[in-house]
Amino acid sequence: EKILERPPGDPIGPQAIAGTAADWQPLCRTLLGLPAGNVALRRFITDNFTGFLVSDGGKPFGTFTGYYEPELRGARRRGGPYRVPLYRVPPDHVAVDLGQFDSELAGKNIVGRVAEGRLVPYHERGAIDGGALAGDGSELLWVDDPLDVFILHVQGSGIVVLPDGTRQRVGYAGNNGHRYASVGRWLIDHKELTAHEASWQGIRRWMQENPKRVPDLLAVNRRYIFFREIDGDGPIGAAGVALTPARSLAVDLRYLPLDVPLWLDAENPEKNAPPLRRLMLAQDTGSAIRGVVRGDFYWGSGEAALEKAGRMKSPGRYFLLLPKAIVPAG
């Protein structure tokens, strides 16, 4: 449906690596009329698509991590245990499309704020956590755990369970323009945790044991995410559709297109489980997803999904599935 909405001449992926929307639209129409079930879908895929192994300079193997939709406890007003804010996009937040000023900068964007008549970089995480936005009306919700909020920033969306049991989904609305940095990597590099210990569970234990150092740790990641409330199914990925557990994959959009099928072949993070060999859809991206053979596997919501996502750092490869008439451009 997303591809059918696009003009026929629209390129699919960077340098039209997957052709144009016109190359896909006849198959998309056929797909919408298929009977339910794996048999018809499997026949449709094998009859109409060719798999192309994706490689980086001849190297087909890369790293596949996992992500999930966290659940947080929160409220609409500050009080009691709910003292950590989630912010909507603040009123002084300015996003600039540089391509509007110079065609050579097409596709590049910067974020900042205006101070004394000049555009300057936006506040870093440490400043925002320290109160740089306090009182400007940008607070969206209040949550009871700073690590849960930080995880929400990394994952990009989540569910906030309110005191009356209402479940409010929130999703990405913008960022402060700074680069992402891993607090887990910082803890490893500074010999605070081993690589084996630096899961979200391990980071939480470290924070509980070192409460006075928590602000400095979180400030290592200068990137800050702003949120909006989402009603209906979700979370919503970069493709603008609700993600499907164990079928949606985040990819690096510098190399791969959204909305297209991929065949994944990766190690399963669960011990003694068969490899993850399955049909996926490229439906999301993320600041930490960088590389030709690099993916983030969406596991779903809640603690069970966290267990799998937190352990996943799997070697693997994937194949780009293209209509048989297309020869990829890159």
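## Helix α4, charged pairs and aromatic rings

Helix α4 is mostly covered, since eight of its 10 residues are buried, where buried means under 20% relative accessible area, exposed means over 50% and partly exposed is in between, with a 1.4 Å probe and protein chains only. Helices (H or I, at least four residues) and strands (E, at least two) are DSSP runs, numbered from the N terminus. This is a predicted model, in which local features need pLDDT of at least 70 and side-chain atom pairs count only at pLDDT 80 or more, while totals for chains, interfaces and linings use all residues. Residues are numbered from 1 along each chain as its sequence is written, and side-chain values use heavy atoms, with hydrogens and water left out.

### Helix α4 and its ends

The buried residues of α4 are Leu-147, Asp-148, Val-149, Phe-150, Ile-151, Leu-152, His-153 and Gln-155. At the N-terminal end of the helix, Asp-145 acts as a cap, with a side-chain oxygen 2.8 Å from the backbone nitrogen of Leu-147; a polar contact is a pair of N or O atoms within 3.5 Å, and within protein one must be able to donate a hydrogen and the other to accept it, while residues adjacent in sequence count only if both atoms are side-chain atoms. Asp-145 also belongs, together with Asp-148 and Arg-204, to a network of salt bridges. After α4 comes Gly-156, whose phi is positive, near 95°.

### Salt bridges

How many salt bridges does a search of the whole structure find? The search finds 15, a salt bridge being a side-chain nitrogen of Lys or Arg within 4 Å of a carboxyl oxygen of Asp or Glu. Side chains of opposite charge can pair when their charged atoms come close. Three of these pairs are set out below.

| Pair | Closest N to O distance |
|---|---|
| Arg-167 and Glu-71 | 2.8 Å |
| Arg-73 and Asp-144 | 2.8 Å |
| Arg-317 and Asp-265 | 3.2 Å |

The side chains of Arg-167 and Glu-71 meet in a salt bridge. This pair links distant parts of the chain, with Arg-167 in strand β10 (residues 167–175) and Glu-71 in strand β3 (residues 71–75), 96 residues apart. Arg-167 is partly exposed at 46% relative accessibility, and Glu-71 is partly exposed as well, with a relative accessible area of 36%.

Strand β3 takes part in another such link through Arg-73, which forms a salt bridge with Asp-144. Arg-73 lies in strand β3 and Asp-144 in the loop between β8 (139–143) and α4 (146–155), so the pair ties together parts that are 71 residues apart in sequence. Relative accessibility is 45% for Arg-73, which counts as partly exposed, and 22% for Asp-144, which also counts as partly exposed.

Arg-317 forms a salt bridge with Asp-265, and here too distant parts of the chain are linked, with Arg-317 in strand β16 (residues 313–323) and Asp-265 in strand β13 (residues 261–266), 52 residues apart. Is each partner buried or partly exposed? Arg-317 counts as partly exposed at 26% relative accessibility, whereas Asp-265 is buried, with a relative accessible area of 15%.

### Aromatic pairs

The structure holds nine aromatic pairs. Rings of Phe, Tyr and Trp (its six-membered ring) pair if their centres lie within 6.5 Å, and planes under 30 degrees apart count as stacked, over 60 as edge-to-face and the rest as tilted. The rings of Tyr-122 and Phe-226 have their centres 6.1 Å apart and their planes at 90°, so this pair is edge-to-face. Tyr-122 is in the loop between β7 (118–121) and α3 (125–129), and Phe-226 is in strand β11 (residues 225–230), so that the pair links distant parts of the chain, 104 residues apart. Tyr-122 is buried, with a relative accessible area of 2%, and Phe-226 counts as buried at 0% relative accessibility.

Phe-226 also pairs with Tyr-224 in a tilted arrangement, 5.6 Å centre to centre and with 50° between the planes. Tyr-224 and Phe-226 are both buried. One aromatic cluster is formed by Tyr-87, Tyr-122, Tyr-224 and Phe-226.

### Positive phi before α1

Most residues other than glycine have a negative phi, and most peptide bonds are trans. Gln-15, however, has a positive phi near 55°, and its place is in the segment before α1 (21–32). Gln-15 is exposed, with a relative accessible area of 69%. Ala-16, which is not a glycine, has a positive phi of about 50° and is also placed in the segment before α1. Ala-16 is partly exposed, with a relative accessible area of 27%.
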